Amino acid sequence: MNFYEHLIYCPRCKGDFDKSNPEYFTCSNCGFKFFLNPVAANGVILENENGEVLLVERKRDPAKGMLDVPGGFLSLLESAQESAAREIKEELHLDINPEDFEYLYGEFGTYLYQDDYIPIINLVFHAKLPPDQTPIPDDDAGKIHYFKIQDIPLDKIAFDGIRIALEKYKKSH
């Protein structure tokens, strides 16, 4: 089910929504437009000194056991780069300056949450793995795997938006 299908009432006046427009719901009472925007998420293609890409095995659903780049959802008042740095710290115990993230792609995707598919926009960055730091998996990240760029198993990537970004990255390298 689509995440937004659960919305029935206007958050301003509790009027009913007209859901005939695919881009926004309109309150039939006050005219408020509730835009159906995707939720912002980030992912980081981390490369080590050998040019290998770090992927993590997800230790929780959705997609438990599948591979993913480290990343997560942006928090309120956080830039995309700050969010990426925070997620890298939480998932891998690495300190990377937000200014060291190079923006690569913005890919649409979905995220299964409590039986609903939430539309997301994946803001994908590239960064170098700090040579003086060792990643330690934590939070959502299970095992760490390194792959040569051309050997990334795209069929084992957890989320469509990240898979598309990795396909583009492979083609450009």
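**Chat on cysteines, rings, strands and a pocket**

Colleague: How many disulfides are there?

Modeller: The count comes to 0 disulfides. Keep in mind that this is a predicted model.

Colleague: Why does C10 have no bond to a cysteine?

Modeller: The closest cysteine sulfur to that of C10 is in C27, and at 3.8 Å it is too far for a bond. A disulfide needs the two sulfur atoms within 2.5 Å.

Colleague: And which cysteine sulfur is nearest to C27?

Modeller: That of C13, at 3.4 Å, and C27 is in no disulfide.

Colleague: C10, buried or exposed?

Modeller: C10 is buried, at 2% relative accessibility. C27 is buried as well, with a relative accessible area of 3%.

Colleague: Switching to rings. How many aromatic pairs does the structure hold?

Modeller: There are 8 aromatic pairs. One of them is F73 with Y111: the ring centres are 5.0 Å apart and the planes are at 90 degrees, so the pair is edge-to-face.

Colleague: Where do F73 and Y111 lie?

Modeller: F73 is in strand 7 (residues 71-73) and Y111 is in strand 8 (residues 102-113), so the pair ties together parts that are 38 residues apart in sequence.

Colleague: Is Y111 buried or exposed?

Modeller: Y111 is buried, because its relative accessible area is 16% and the cut-off for buried is under 20%. F73 has a relative accessible area of 30%, so F73 is partly exposed.

Colleague: What about Y103 and F125?

Modeller: Y103 and F125 form an edge-to-face pair, with 5.9 Å centre to centre and 75 degrees between the planes. Y103 lies in strand 8 and F125 in strand 9 (residues 116-128), so this pair ties together parts that are 22 residues apart in sequence. F125 is buried, with a relative accessible area of 1%, whereas Y103 is partly exposed at 46%.

Colleague: Which rings are linked into a cluster?

Modeller: Y4, F17, F25 and F34 are, through ring pairs.

Colleague: On to strands. What is the order in the open sheet of 3 strands?

Modeller: The order is 1-2-3, and the pairing is antiparallel. Strand 1 (17-18) and strand 3 (33-35) are the edge strands, and each pairs on one side only.

Colleague: How many bridges join strand 1 to strand 2?

Modeller: 2 bridges join them, and strand 2 covers residues 24-27. D18 has T26 of strand 2 as its bridge partner.

Colleague: Next, pockets. What volume does the largest pocket have?

Modeller: About 250 Å³. It is lined by 20 residues, and those closest to its centre are R58, D68, G71, G72 and F159.

Colleague: Which elements supply at least two residues of that lining?

Modeller: Strand 4 (39-47), strand 5 (52-58), strand 7, helix 1 (80-92) and strand 9 each do.

Colleague: How do the lining residues of the largest pocket divide?

Modeller: The lining has 10 nonpolar, 5 polar and 5 charged residues.

Colleague: Last topic. Where is D139?

Modeller: D139 is in the loop between strand 9 and strand 10 (141-148). D139 is partly exposed, with a relative accessible area of 26%.

Colleague: How many residues apart in sequence are D139 and E5?

Modeller: D139 and E5 are 134 residues apart in sequence, and in space 30 Å apart, C-alpha to C-alpha.

How values were computed:
Residues are numbered from 1 along each chain as its sequence is written. This is a predicted model: local features need pLDDT of at least 70, side-chain atom pairs count only at pLDDT 80 or more; totals for chains, interfaces and linings use all residues. Side-chain values use heavy atoms; hydrogens and water are left out. Rings of Phe, Tyr and Trp (its six-membered ring) pair if their centres lie within 6.5 Å; planes under 30 degrees apart count as stacked, over 60 as edge-to-face and the rest as tilted. Helices (H or I, at least four residues) and strands (E, at least two) are DSSP runs, numbered from the N terminus. Buried means under 20% relative accessible area, exposed over 50%, partly exposed in between (1.4 Å probe, protein chains only). Two strands pair if DSSP finds at least two bridges between them. On a 1 Å grid over the protein atoms alone, a cavity is a set of points where a 1.4 Å probe fits but cannot get out, and a pocket is an open set with protein on both sides within 12 Å along at least five of seven lines; lining residues have an atom within 4 Å of a point. Grid points are joined across faces, edges and corners, and a volume is the space filled by probe spheres set on the points. Ala, Val, Leu, Ile, Met, Phe, Trp, Tyr, Cys and Pro count as nonpolar, Asp, Glu, Lys and Arg as charged, and the others, Gly among them, as polar.
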